[in-house]
Amino acid sequence: MKVSAVITLKKDVLDPQGKVIHETLDGMGFNSVNEVRQGKYFEIDVKENDPKKAKDLVENMCKKLLANLVIENYKIIETQ
Amino acid sequence: MKSSVITFPGSNCDRDMDVALSKFGFKNKMVWHNDQELPKSDLIVLPGGFSYGDYLRCGSMASKSKIMNSVINFAKSGGLVMGICNGFQILVEAGLVPGVLLRNKYLQFICKNVHVKVDNKENTFFKNLDKKVLELHIAHNEGNYFCTKDQLKEIEDNNQIAIYYCDQNGNTNNQINPNGSIKNIAGILNKEKNVLGMMPHPERMIDENLSGEDGSIFFKNLLNNIK
């Protein structure tokens with residue numbers, strides 16, 4: 001079963017890359033951007049067919065390795 | 001005095017650290033990250049470099065390697081552990097010192113000499129150091145120290161900030177902050193003061209002809225403190 005997780009920086013954490021992307025977008029003429037925050041996206045294929053168990057497994061991975069909870073939040077966005 | 005330097009895949013300051021420690025009288029051993037057990041040591045050093053190519057987050061993969069269980073146990077039982085640069089990043093990912101190291105504020109890899117102020121000498125690493133400001137070298141892309149407000153309060157209350165970026169006279173301010181670190185923090189201790197993580201490389205300042213000798217001062221003092 002495939003589970004996806006999105007890792008984003010917490011609100012208070014400075015995201016210089018997001019800022020530069022924002023400025024570049026501005027320079028290209030995309031003037032309607034308020035803010036850009038860059039994150040990470042993971043697709044994980046697990047040997048588990050129960051959606052609840054698969055989600056719990058990936059959640060545990062997020063807590064222990066994929067995200068650093070001091071600066072990042074994680075969200076499981078889909079299971080299929 | 002015995003020391004061990006851990007080599008991770010992608011470490012590149014491990015040999016420099018070996019040379020530095022040996023020069024000042026440590027009997028040093030190199031330890032591979034996939035080993036389970038540490039040789040008997042008075043000091044463990046996690047060296048600088050780019051372990052695992054900085055994949056995911058700097059130091060995150062190395063912090064889960066086999067040898068790290070032994071390093072964590074060693075630190076928890078009061079053993080001296082020092083992480084330099086990437087080693088500092090590994091320490092924060094392993095939870096041995098608080099906070100994280102973010103990308104440098106101005107998105108540039110910084111490679112230059114800096115001055116650091118030694119504020120807290122009530123620990124084995126800096127006790128009796130007769131210089132307040134050291135000139136050391138930094139070379140990093142992710143050295144921007146960050147922690148939550150609660151963590152910062154705890155760190156300050158417990159006197160855990162080891163060194164600050166400063167000018168040559170020891171003044172700390174925003175202008176001389178190279179990477180955006182909170183409070184100009186360049187190095188930090190754990191609560192018990194037996195684990196030190198710092199971005200500057202003392203092992204690069206041990207030769208009067210090639211660099212400065214402020215690293216020599218640090219290592220000589222450290223050896224005397226451990227004896």
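Which residues are exposed on the other side of α2(A)? In this predicted model, local features are considered only at pLDDT of at least 70 and side-chain atom pairs only at pLDDT 80 or more, whereas totals for chains, interfaces and linings use all residues. Residues are numbered from 1 along each chain as its sequence is written, and chains are lettered from A and ligands numbered from 1 in the order of writing.

Helix α2 of chain A comprises residues 51–66, helices being DSSP runs of H or I with at least four residues and strands runs of E with at least two, numbered from the N terminus. Its end C-alpha atoms are only 20 Å apart, although a straight helix of 16 residues would span 22 Å, the expected span being 1.5 Å times one less than the number of residues. Ala54(A), Val58(A), Cys62(A) and Leu66(A) are the buried residues of α2(A), where buried denotes 20 or more other C-beta atoms within 10 Å of a residue's own, exposed 12 or fewer, and partly exposed a count in between, with C-beta atoms placed from the backbone. Because these residues cover an arc of only 85 degrees around the axis, they lie on the same side of α2(A), the arc being that of the directions from the helix axis to the C-beta atoms. The buried residues pack against β1 (2–9), β2 (40–45) and β3 (72–79) of chain A, with contact defined as C-beta atoms, placed from the backbone, within 7 Å. On the other side of α2(A), the exposed residues are Lys52(A), Lys53(A), Asn60(A), Lys63(A) and Lys64(A).

In chain B, an open sheet of nine strands with mixed pairing follows the order β2-β1-β3-β4-β11-β10-β9-β6-β7, pairing requiring at least two DSSP bridges between two strands. Strands β2 (27–32) and β7 (133–140) of chain B stand at the edges, each with a single partner strand, so that one side of each is left without a neighbour in the sheet. Strands β9 (residues 161–166) and β10 (residues 185–189) of chain B pair in the antiparallel sense over three bridges, and Ile163(B) has Gly187(B) as its bridge partner in β10(B).

Two loops of chain B contain non-glycine residues with positive phi. Asn128(B), in the loop between β6 (110–118) and β7 of chain B, has a phi of about 65 degrees and counts as exposed, with 10 C-beta neighbours inside 10 Å. Lys183(B), in the loop between β9 and β10 of chain B, has a phi near 55 degrees and is partly exposed, with 15 other C-beta atoms within 10 Å.

Conventions:
Two residues are in contact if their C-beta atoms, placed from the backbone, lie within 7 Å.
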